[in-house]
Amino acid sequence: ADRRMRSLRIPMQNVILGTATGYPLTVLDRFCGTARRSGFGGRIVLWTDEATLATATGLQRKHEVELLPCPDQPYHLQTARYLAYEEFLVRNGAGIDRALLSDVRDVAFLSDPFVHALALRHPFCAFLEDTTIGDSIFNKTWVQQAFGDAAFLAIAHEPVSCSGTTLGTADAMRVYLGDRKSTRLNSSHLVISYAVFCLKKK
């Protein structure tokens, strides 16, 4: 029976998830091409616009990339993409080992991100920028508008965490995305700081 169960297990894959709208195909080609040349052999899934879907057939074949239409949500794409990522991981969870949420326009791969020592050692990796929330006019404004001055002052010294590049196990990423969804959808502000989760540590 145990032998039968092992043979029925779904092969686990790593997956790169991203959103690319309004970009020329050269941007997608660089992103997907460098991922494949790095040795990454898992799934690349990108949500994109109708124009790209209509013209990127060759790109899909060349890099074995899955292109999906952007989510039809009443939220800004900055928020809607995380809802799409969460739905994807819930729907495909049994076959996903680890997931990387990545920006597309300004990302190129020098090596397979899933074989990095940090990725193998930790269930969740967030990438910190070299500035604090208090020093970033964008993050400062977003936190003040969404949560008020007191909340901003409580986390102004925290480093900005770039949600555009986040890596973790499928389970950890589902928790993270559920947390983002709860925080974003309970606010009237469309584009909330990537670092608001510092508030939950206080």
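Buried residues make up 46% of the 202 residues in the chain. The model is a predicted one. The exercises below go from the whole chain to single residues.

**Exercise 1. The chain as a whole**

Find how many helices and strands the chain has, and what share of its contacts between residues at least 6 apart in sequence joins residues at least 24 apart.

Solution.
- Step 1. Count the elements: there are nine helices and six strands.
- Step 2. Take the contacts between residues at least 6 apart in sequence; of these, 73% join residues at least 24 apart.

**Exercise 2. The sheet**

State in which order the six strands of the open sheet lie, and which strands form its edges.

Solution.
- Step 1. Read across the sheet: the order is β3-β2-β1-β4-β6-β5, and the pairing is mixed.
- Step 2. Look for strands that pair on one side only; these edge strands are β3 (65-69) and β5 (124-132).
- Step 3. Follow the twist from one strand to the next: the average is 20°.
- Step 4. Recall what pairing involves: strands of a sheet pair through backbone hydrogen bonds, in either a parallel or an antiparallel sense.

**Exercise 3. Strand β1 and its partners**

Describe how β1 pairs with β2 and with β4, then decide whether β1 is largely enclosed or largely open.

Solution.
- Step 1. Start with β2 (residues 43-48): six bridges join this strand to β1 (residues 13-20), and the two run parallel.
- Step 2. Locate residue pairs between these strands. Gly18 stands opposite Leu46 in β2, and Thr19 stands opposite Trp47 in β2.
- Step 3. Turn to β4: β1 pairs with β4 over four bridges, in the parallel sense. Here Gln13 stands opposite Ile96.
- Step 4. Add the helix: α5 (residues 77-92) lies across β1, β2, β4 (96-102) and β6 (159-169), and runs at about 155° to β1.
- Step 5. Judge the burial of β1: because six of its eight residues are buried, the strand is largely enclosed by the rest of the structure.

**Exercise 4. The second largest pocket**

Give the volume of the second largest pocket and describe the residues that line it.

Solution.
- Step 1. The volume is about 270 Å³.
- Step 2. The lining has 16 residues, and those closest to the centre of the pocket are Pro113, His116, Phe127, Thr165 and Leu167.
- Step 3. Assign the lining to elements: β4, α6 (117-121), β5 and β6 each give two or more residues.
- Step 4. Sort the lining by type, which gives 11 nonpolar residues, four polar and one charged.

**Exercise 5. Two residues compared**

Determine for Thr165 and for Pro69 whether each is buried, partly exposed or exposed, and which residues each contacts beyond four places in sequence.

Solution.
- Step 1. Place Thr165: this residue lies in strand β6.
- Step 2. Its relative accessible area is 24%, and buried means under 20% while exposed means over 50%, so Thr165 is partly exposed.
- Step 3. Beyond four places in sequence, Thr165 contacts Leu100, Leu101, Ser102 and Phe127. Thr165 and Leu100 are 65 residues apart in sequence, but 7.0 Å apart in space from C-alpha to C-alpha.
- Step 4. Place Pro69: this residue is found in strand β3.
- Step 5. With a relative accessible area of 51%, Pro69 passes the 50% limit and is therefore exposed.
- Step 6. Beyond four places in sequence, Pro69 contacts Trp47, Thr48 and Leu53. Pro69 and Trp47 are 22 residues apart in sequence and 5.4 Å apart in space, C-alpha to C-alpha.

Key
Residues numbered from 1 in each chain as written. Predicted model: local features only at pLDDT ≥ 70, side-chain atom pairs only at ≥ 80, totals over all residues. Heavy atoms only, no water. Pairing = 2+ DSSP bridges. Axes fitted to C-alpha atoms, helices over the stretch in contact; angles between N-to-C directions. Contact = heavy atoms within 4.5 Å. 1 Å grid on protein atoms, 1.4 Å probe; cavity = no way out; pocket = protein on both sides within 12 Å on 5 of 7 lines; lining within 4 Å. Points joined across faces, edges and corners; volume = space filled by probe spheres on them. Nonpolar A, V, L, I, M, F, W, Y, C, P; charged D, E, K, R; others polar. Buried < 20%, exposed > 50% of the residue type's maximum accessible area, 1.4 Å probe, protein only.
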